Amino acid sequence: MGSLVSVNVGLPQDVLWQGKVVRTAVWKRSVPGRVMARRLNLDGDGQGDLAGHGGEHRAVMVYQVDSYRHWEEHLHRDDFEYGQFGENLTVDGLADSEVCIGDRYRIGAALFEVTQPRVTCYRVGIRMNDPRMPALLVSHGRPGFYCRVLEEGEIGAGDGIVKVADGPEHVTVAEMDALLYLPSHPRDQLERALRVPSLSEGWKGSLSALLEAGDQVGNAGLAAVTPRPAWSGFRALRVAEVRSESDHVRSFVLEAEDRSPLPTALAGQFLVFSIQPQSYPSPIVRSYSMSGAPGAGTYRISVKRDSGPGSQYFHDSVNYGDSLQVSAPRGSFTLAESDRPVVLLSAGIGATPVLSMLHELVRSDDSEREIWWCYGARNGREHPFADEVRDALKHHPKSRSFVAYSAPEERDKLGVDYDAAGHLTLSSLRKLGVPQVADFYLCGPAGFLEDMFAALEAWEVPGSHIHSEAFGSGPAMTPGIADAPTKTPHPPEGEPGSGPAVSFTRSGLTVPWSAQFGSLLEFAEACDVPVRWSCRVGVCHNCQTGTISGSVKYDPEPLDRPGEGDVLICCATPASKIELDL
């Protein structure tokens, strides 16, 4: 069947890369003698990023001598050594086009089961000194694969490899890899792949998302897919109503200039505005969640007064009849397809997107689904939408409400205006009987989100059941990069660029593009705008970002393009002025 050519191990180390310190164990070295294969790794081996590597289903990485030969020829290189591709086991045989997920192999005294293809990661590009490698491994059908250790035992170079069981459904490693990362996602093949019991849970989740997404454009297995925006860029909408919701919150209802119904948005989505406050030499862009009922033919946003120029502009300068430049509804913080109970958790102005969700849930035909409205405010004067929420909940037979005031005033009535003094906490909600099996939708200040996330995870609520929307920039994801102090977004150092304007809307920053940067991702990093990424060459979609307006050029071309209205910033540069949801 094949043979084990080399056993390779390596412990995490810090590597300097592009001015950053990366924690990685991709440098594997061949070791002599016999090595113990254990449930989580080989003796002497480790993983630098347990979120993306390691664990029971990714205990051992396998790569083939034949693929070494392929890359030597394709890359015109002759400097490879065993462990070059970050693998633990270099083998003769076991081609990705032949090995199936679920196959079991006896090597020495250990028994292994194939669980998934290699995870796309920029660190193999660092090891190979070629940033294209994550994309090349997929596009050439040579990713390599992970195994779990079913029976621990010693292994060593020269051991024969004996196949002892076939994986059910006979889905090869290369087929599984292509099914997720390449453009074609046939339904019958997704269903077949999901019937493989040994496939890792992460891959099952990704393939299930692709199956649920159906024919939607984009790759739902790698990033959220939302409907195509109803229009590109900005269009003029008229302010049809302005009303006060609390001491500091004001709502603005928007309608089409000809008063025709506006396209229906999804509950939880937001709008982006191009505005020009006084003293600003050019327009700025700001995002606000919609708070009204979907399908009303109009859009409503609700804005809290604060020190920001956008907030002050709306409160001080926007009046009935004014015309505003507005994007189409967008955003992936929307209600998931599910029949589980729904818990809407919010604080402060975070009520806006979940209020839209409440209206959608109440008007649905599912009267048996539990709805929990859980909200935290400072006091009654700072409690927007109180009457609106109470009225909505009256129309659903299985709705519950819990409101906490952190600093109630004398005129606030316990049991009438609010249910408890103090901050909204999960422990208080659990005492009321909030179901653990629910879908949780969270929106509010950063501290509120952090506390709620931690509490829900400690309660062992599955991550797929926790959905959130944050104010401002989203959380960064830079795998393996050493933590650095958070900085306020700023123009990049050096001379300003001469290219088109790039707006990072959530960060409130607009700067001219500079050709010294290879991608919008690198440009955002230079501006200290929080970003998310992993492969950096258009494979993993972790960097997928919404575009409010503008266009890009790709280099390299992504293996599977995102849907219209989104861009992979890791391999894109601006072709025009562009506004990004970052």
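**Exercise 1. Backbone outliers in loops**

L94 sits in the loop between β7 and β8 (104-107). The model is predicted. Task: state the sign of phi at L94 and at E169, and classify each residue by its accessibility.

Solution.
- Step 1. Most residues other than glycine have a negative phi, and most peptide bonds are trans.
- Step 2. L94 is not a glycine, yet its phi is positive, near 55°.
- Step 3. The relative accessible area of L94 is 5%. Buried means under 20%, so L94 is buried.
- Step 4. E169 lies in the loop between β12 (161-165) and α4. Its phi is also positive, about 75°, and E169 is not a glycine.
- Step 5. The relative accessibility of E169 is 28%. The partly exposed class runs between 20% and 50%, so E169 counts as partly exposed.

**Exercise 2. A cis peptide bond**

Task: which residues does the cis peptide bond join, and where is P556 placed?

Solution.
- Step 1. The bond joins D555 and P556, with omega at about 5°.
- Step 2. P556 belongs to the loop between β28 (552-554) and β29 (566-568).

**Exercise 3. Overall dimensions**

Task: compare the radius of gyration of the protein chain with the value from the globule rule, and describe the chain as a whole.

Solution.
- Step 1. The secondary structure consists of 12 helices and 31 strands.
- Step 2. The radius of gyration is 26 Å and the globule rule gives 25 Å for 582 residues; the two are close, so the chain is as compact as a globular protein of that length.
- Step 3. The C-alpha trace spans about 80 × 60 × 45 Å along its principal axes.
- Step 4. Of the 582 residues, 52% count as buried.
- Step 5. Among contacts with a separation of 6 or more, 70% come from residues 24 or more positions apart.
- Step 6. The accessible surface is about 25300 Å², and carbon and sulfur atoms hold 47% of that.
- Step 7. The chain carries 54 positive and 75 negative charges, and the mean positions of these two sets are 3 Å apart.

**Exercise 4. Aromatic pairs**

Task: classify the ring pairs Y68 with F85 and F440 with W459, and locate their members.

Solution.
- Step 1. A pair of aromatic rings is described by the distance of the centres and the angle of the planes.
- Step 2. Rings pair if their centres lie within 6.5 Å, and planes over 60 degrees apart count as edge-to-face. The count by this rule is 22 aromatic pairs.
- Step 3. For Y68 and F85 the centres are 5.0 Å apart and the planes stand at 75°, so this pair is edge-to-face.
- Step 4. Y68 is in helix α1 (residues 65-75) and F85 in the loop between α1 and β7 (89-93); 17 residues separate them, and the pair links distant parts of the chain.
- Step 5. Both Y68 and F85 are buried.
- Step 6. F440 and W459 also form an edge-to-face pair, at 6.4 Å centre to centre and 70° between the planes.
- Step 7. F440 is in strand β23 (residues 439-444), while W459 is in the loop between α11 (446-458) and β24 (466-470), 19 residues apart. F440 and W459 are both buried.
- Step 8. Ring pairs also join Y63, Y68, F80, Y82 and F85 into a cluster.

**Exercise 5. The surroundings of helix α4**

Task: how many residues of α4 are buried, and which elements do they pack against?

Solution.
- Step 1. Helix α4 covers residues 173-181, and seven of its nine residues are buried.
- Step 2. The buried residues are V173, A174, M176, D177, L179, L180 and Y181.
- Step 3. They pack against β9 (110-117), α3 (133-139), β10 (145-151), α5 (187-194) and α6 (201-213).

**Exercise 6. Three loop residues**

Task: are S498, S534 and H490 buried, exposed or partly exposed?

Solution.
- Step 1. S498 is in the loop between β24 and β25 (501-504). Its relative accessible area is 78%, so S498 is exposed.
- Step 2. S534 is in the loop between α12 (520-526) and β27 (544-549). With a relative accessible area of 10%, S534 is buried.
- Step 3. Beyond its neighbours within four places in sequence, S534 contacts T120, C121, Y122, P479, C540 and N542.
- Step 4. H490 lies in the loop between β24 and β25. At 23% relative accessibility, H490 is partly exposed.
- Step 5. Not counting residues up to four places away in sequence, H490 touches L509, A526, C527 and D528.

How values were computed
Residues numbered from 1 in each chain as written. Predicted model: local features only at pLDDT ≥ 70, side-chain atom pairs only at ≥ 80, totals over all residues. Heavy atoms only, no water. Helix = DSSP H or I, 4+ residues; strand = E, 2+ residues; numbered from the N terminus. Rg over C-alpha atoms; globule rule 2.2 N^0.38 Å. Buried < 20%, exposed > 50% of the residue type's maximum accessible area, 1.4 Å probe, protein only. Contact = heavy atoms within 4.5 Å. Areas by Shrake-Rupley, 256 points an atom, 1.4 Å probe, with all protein chains shown as cover. Lys, Arg positive; Asp, Glu negative; His and termini not counted. Charge placed at Lys NZ, Arg CZ, Asp CG, Glu CD. Phe/Tyr/Trp six-rings, centres within 6.5 Å; stacked < 30°, edge-to-face > 60°.
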